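Let's take a friendly walk through this structure, one region at a time. Keep the 3D view open as you read.

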Amino acid sequence: MNVYDSHRIAGILENRGMKEVARIDDADLVIFNTCHIREKAAEKLFSDLGRADLVKQARFLERKDTIIGVVGCVVQAEDEQVFRRSGAVDFALGPLAYHRLGKVLDDLLKNRDSLIIDTEFPPESKFDYLGANKAEGVCSYIAIQEGCDNFCTYCVVPYTRGVETSRPIDDVVKEARKLVADGALELNLLGQNVNSYHGEDNNGKERNLAYLLRELSEIDGLKRLRYTTSYPADVDDDLIACHRDLDILMPYLHLPIQSGSDKILKAMNRRHTKGQYMEVVEKLYKANPRIGFASDFIVGFPGEDDKDFQATLDVVDEVKFITAFSFKYSPRPGTPAAEYPNQISDKVKRERLKILQEKLFAYQTDFNRQTIGKTVPVLLENKGRHAGQLTGRTPWMQNLYVCADGGYLNKIVDVKVESATMNSLSGKIIGK
Ligand code: 5AD
Ligand code: SF4
C-alpha cells in the first residue's frame, strides 16, 4: 500500500510540474513515506531523517532551500513528536491526508518558517482529490479498501489507517480501465483487509469483492488480477467461487494466519481458529487445485509457549505455504498486546523465528523446484541485472529470469523452467 501511496504522491508532484531526481543532493523537496507496523520500520525514518538533515544543511550553504516532509503511518502515530525528533522536518501528513499535499506546499512556500501537520482523519476521501492514477508499468496497483476494524491486539493499522472504508465500484472500475488503457496487463487490488471490501455500486447498493472481481474481469486487455491482503474470516463462498470461475484471477492467495495456536489466535483477537483457517484453505483448494498460499506469521507473541510455537510449525507442514513473511512480535505503543504481562524475551523470539524461517524457506524452495521442467506463463515486466536478461512473475508470484531481447518486455510468454532457487526461477521462452 505504501508503494501505491508513494506513486500517487509522485503523481501530485508531477502535476505541479516537478521532476524526479536521482540523488537526494539535487532534491528541492524530499518526502519520506513511512510505516509504523513494527518498531524497526518506524525507527528507520529517524535515521533517514538524520542523513537528509545533513544534505539540507549542505544545500543551505549553497543557498539552496530544501523542503522535507514525512507522510504515512508514523506521522499518524507520533504526531508532533516527528518535529521534536528531527529539526529537518517542514511538514507531516497522515496516510489519509496526503491529497492535501499541494495546499501544504503552497502554504509552506508562503511562509518558510512554518511547520505544518495534518493527522486528521478527513471527512472526504482522498481518492476524490487525487486525479487519475497513471500505470507504473504492466503491473499496477489499485487501492480499493483502506483501514481496518479488526483490532488484532498487536496491530497499529486500525489506529493509523482508521476505520475500514471501501471505494465505490464505479471509481475502481474507471481507474482500472484507465490503467489498462495506459498499458497495464496485471492489476493488484489493495487493501489492509481487502476481502471485506464493500463498495457501493451506482444504485447505492453495497457489493463485495467477488462482485468487483467479476466486473474487472470483463475489461478488455486485462490479463491478470490479484488482490491482497485477505483476512481469513472474511473469505466468503462468493470469493471462493471466483477462484473456480475466473481464469484471470491468479492462483495465488496471501492469507495471513499469524499463528497456528488457537490460544494465541484468541489472545491476538483474530476472528478465526486454526481449524476455521484450514476449512477456508480446503474450500479454496477444491475450487482451484492449482492455488498456492502465502501467509504472515508473528512469533513470540506474549504468552506463546513451546506448544503454541509447535502448533505454528505444524500448520506450516499442513498448508506448505509457497511463500511467507515472518516477524518477531514487536510491541507497539497504544496496542493492547504491548501491555500484556507475559512478554517473550528477544532471545526466544530470535530462536523461534530462525526455526520457523528454516521451515518456510524449505517449502518455498521445494515449491520453486517443483516448477522445473514445467511450462509457465510469465509476465516479463523488467530488465534483469545482466544485459540481455528480462525478469517477470509467474502466476504464483515467483520471480523468473530469461535471456531475451527487449521485444519481449511487457508481454506474457510461456517459459520452460530450467532451474530454481529459494528466490527465483530461470528458464527459456518457448512461445507467446
Ligand atoms: N509485530 C510483529 N509483526 C506485526 N505485524 C503486524 N503488527 C505486528 C507487530 N506488532 C505483521 C502481521 C501482519 C503484517 C503486515 O505485519 O503479520 O500480517
Ligand atoms: Fe492489523 Fe490485519 Fe489485524 Fe487489521 S486484520 S488489525 S490490518 S493484522
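## Helix α9 and its cover

In this predicted model, helix α9 has several buried residues: Leu239, Ile240, Ala241, Cys242 and His243. If you want to see what lies over them, look for helices α8 (209-216) and α11 (274-287) along with strands β9 and β10 (252-254), which are among the elements covering the buried residues of α9.

## Aspartate 234, in the loop before α9

Step back along the chain and you come to aspartate 234, which sits in the loop that links β9 (224-228) to α9 (237-245). Is this aspartate buried or exposed? Its relative accessibility is 18%, so aspartate 234 counts as buried, the cut-off being under 20%.

Which residues does aspartate 234 touch, once neighbours within four places in sequence are set aside? They are Asn193, Asn195, Ser196 and Arg271.

## Glutamate 164, a buried acid

Another acidic residue to look at is glutamate 164, in the loop between α6 (157-160) and β7 (165-166). Glutamate 164 is buried but forms no salt bridge. The nearest side chain of opposite charge belongs to arginine 271, 6.6 Å away, whereas a salt bridge has to fall within 4 Å. Arginine 271 is also one of the contacts of aspartate 234.

What glutamate 164 does have is polar company. Its side chain makes a polar contact of 3.0 Å with the side chain of serine 196, and another of 3.4 Å with the side chain of histidine 198. Leaving out residues up to four places away in sequence, glutamate 164 touches Gln145, Glu146, Gly147, Cys148, Asp149, Asn193, Ser196 and His198. Two of these names, Asn193 and Ser196, will be familiar from the contacts of aspartate 234.

## Around ligand 1

Now turn to the ligand. Which residues surround ligand 1? The set is Ile37, Arg38, Tyr154, Gln258, Asp296, Ile298, Phe327, Lys328, Tyr329, Ser330 and Arg332.

Polar atoms from several of these residues approach the ligand. An oxygen atom of ligand 1 lies 2.6 Å from a side-chain N or O atom of glutamine 258, and a polar side-chain atom of arginine 38 is 2.8 Å from an oxygen atom of the ligand. Tyrosine 154 takes part through its backbone, with an N or O atom 3.0 Å from a nitrogen atom of ligand 1. On its own, ligand 1 has 410 Å² of accessible area, and the protein covers 86% of that. Strands β11 (292-299) and β12 (323-328) are the elements that supply two or more residues to the shell around the ligand.

Note on methods: Residues are numbered from 1 along each chain as its sequence is written. Chains are lettered from A and ligands numbered from 1 in the order in which they are written. This is a predicted model: local features need pLDDT of at least 70, side-chain atom pairs count only at pLDDT 80 or more; totals for chains, interfaces and linings use all residues. Side-chain values use heavy atoms; hydrogens and water are left out. Helices (H or I, at least four residues) and strands (E, at least two) are DSSP runs, numbered from the N terminus. Buried means under 20% relative accessible area, exposed over 50%, partly exposed in between (1.4 Å probe, protein chains only). Lys and Arg count as positive and Asp and Glu as negative; His and the chain ends are not counted. A polar contact is a pair of N or O atoms within 3.5 Å; within protein, one must be able to donate a hydrogen and the other to accept it, and residues adjacent in sequence count only if both atoms are side-chain atoms. Contact means heavy atoms within 4.5 Å. A residue is near a molecule or strand if one of its heavy atoms lies within 4 Å of it. Accessible areas come from the Shrake-Rupley method with a 1.4 Å probe; for residues, only the protein chains shown count as cover.
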